[in-house]
Amino acid sequence: MTQTTLLQYEAPWPVHALDWCKSTAPGHQSRPRSAFRLGIASFSEDYRNRIAIVGLQDERVLVEDDYTDYPDFVTLVEANHGYPATNLQWQPASASGFQWTGKAPAAELLATTGDALRVWEYFGDAPPASSAYVGRQPTGGGHRLTLKTALSGQSKIQNQSTGPPLTSFSWNEKAPSLVVTSSIDTTCTVWNIDTSTAITQLIAHDREVYDVAWLPGSTDIFVSVGADGSLRAFDLRSLEHSTILYETPAPKSGPPAASASSRLPTSPLLRIAFNPADSNYMSTFHMDGQDVQILDMRSPGQPVIELRGHRAQVNAMGWSTTDRPTLATAGDDCQVLLWDLATYTQTATSPRTANSRLNSPRPDVKKRVVTDPIMAYSASSEVTNLAWSPQIQGMTMNTGHSTAPGEWLAIASGKFIKALKV
């Protein structure tokens, strides 16, 4: 019996944002398919965008190849989203024991950004015991996706929002009520989604902010990247200044700048992601860039590793959740590349504790260029996004077949989602 290594799904629209659910469905820990759920969002240039939850139609597709007559994934539930979602994330796995105000025990949360930060409540097909209310008729399938709150600017909004568009957000693993958003109006806002209030809003960059990420293990430090070509770190305990960890070099051509204020435009940085296993390391890439830069917070200023493998612009990247530093990158060259960085990052000095303030840098290290990924996958069109699954346990099904443990990598390419066993 061969194990399936590729699952696929065709959406009714081009997919942009996607995320793999961080934990198995409440009450369904014994069902293999409950770990195979994705949140996806459409991208169309109108106000008719959708978000959807998709899951396995039949878990036997994990071990049998003769289920090719129907799609591996099916739509469980969907909802209107208006403007395209710039980012979509499920609640962190750490949120499962978190007490949310007004959240039903069987519900899971996911969030999206666009014209506002929206928090959604998702109810899966919970076991019958939890929904056996007297007199209530069972609903078909039992999947529901409802808007819990929408936050924009510095306030909770009730109707169509008027705030500037949000480009991305990051959900805090340690304190799941904290979400930080980035906006084209140069600001980052830290929200308490439990009380629907903005804790702080700060001007983070000189131009649009494109992405933001909490330092793993910290509730105080986050980093952001933007159109001004800088990567900055902020500490909520001392907001009067930020730390510039990296700035893209100014282009070599062109007249010399007459003064510091007329500095040459630099290449915007689009995305930022921390290695969850070693938060000293983070990755970023430039708008229209083909290379990915790996930075070490202990030696800011220049990348310690540069990944050169794509032949067209990079669109997405993501770190595996295992202890081994593995980064996936994807781009317009229809390629998904997997990079094993263990041999390059183990020479690092003592680890920094997550909640220490940004401390003094260690001496500069020479940048290493890596050109050989450990795996490459070719899609049929440009790959616009990707998402890692958490480590999924091996399971034995009632047919007697068993699955091996491991991670899956979901990629978005046009209307197609493909999930690859890594």
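One helix and 30 strands make up the secondary structure of the chain. The model is predicted. Of the 422 residues, 53% are buried. Contacts often span the sequence: among those between residues at least 6 apart, 57% join residues at least 24 apart. The exposed surface of the chain comes to about 18,600 Å². Carbon and sulfur atoms supply 51% of that area.

**An open sheet**

Four strands form an open sheet, in the order E23-E24-E25-E27, with antiparallel pairing. Strands E23 (314-319) and E27 (375-378) each have a single partner strand, so they stand at the edges and one side of each is left without a neighbour in the sheet. On average, neighbouring strands here are turned by 15° against each other, direction ignored. E23 and E24 run antiparallel and are joined by five bridges. Within this pairing, tryptophan 319 has leucine 327 in E24 as its bridge partner.

**Positive phi outside glycine**

Threonine 186 has a positive phi and is not a glycine. Cysteine 334 is another non-glycine residue with a positive phi. The table lists the values and the loops.

| Residue | Phi | Loop between |
|---|---|---|
| Threonine 186 | near 80° | strand E12 (178-183) and strand E13 (187-192) |
| Cysteine 334 | about 70° | strand E24 (326-331) and strand E25 (335-340) |

Is threonine 186 buried or exposed? Its relative accessible area is 16%, and buried means under 20%, so threonine 186 counts as buried. The loop that holds cysteine 334 lies between E24 and E25, and both strands belong to the open sheet described above.

How values were computed:
Residues are numbered from 1 along each chain as its sequence is written. This is a predicted model: local features need pLDDT of at least 70, side-chain atom pairs count only at pLDDT 80 or more; totals for chains, interfaces and linings use all residues. Side-chain values use heavy atoms; hydrogens and water are left out. Helices (H or I, at least four residues) and strands (E, at least two) are DSSP runs, numbered from the N terminus. Buried means under 20% relative accessible area, exposed over 50%, partly exposed in between (1.4 Å probe, protein chains only). Contact means heavy atoms within 4.5 Å. Accessible areas come from the Shrake-Rupley method with a 1.4 Å probe; for residues, only the protein chains shown count as cover. Two strands pair if DSSP finds at least two bridges between them. Axes are lines fitted to C-alpha atoms, for helices over the stretch in contact, and angles run from 0 to 180 degrees between N-to-C directions.
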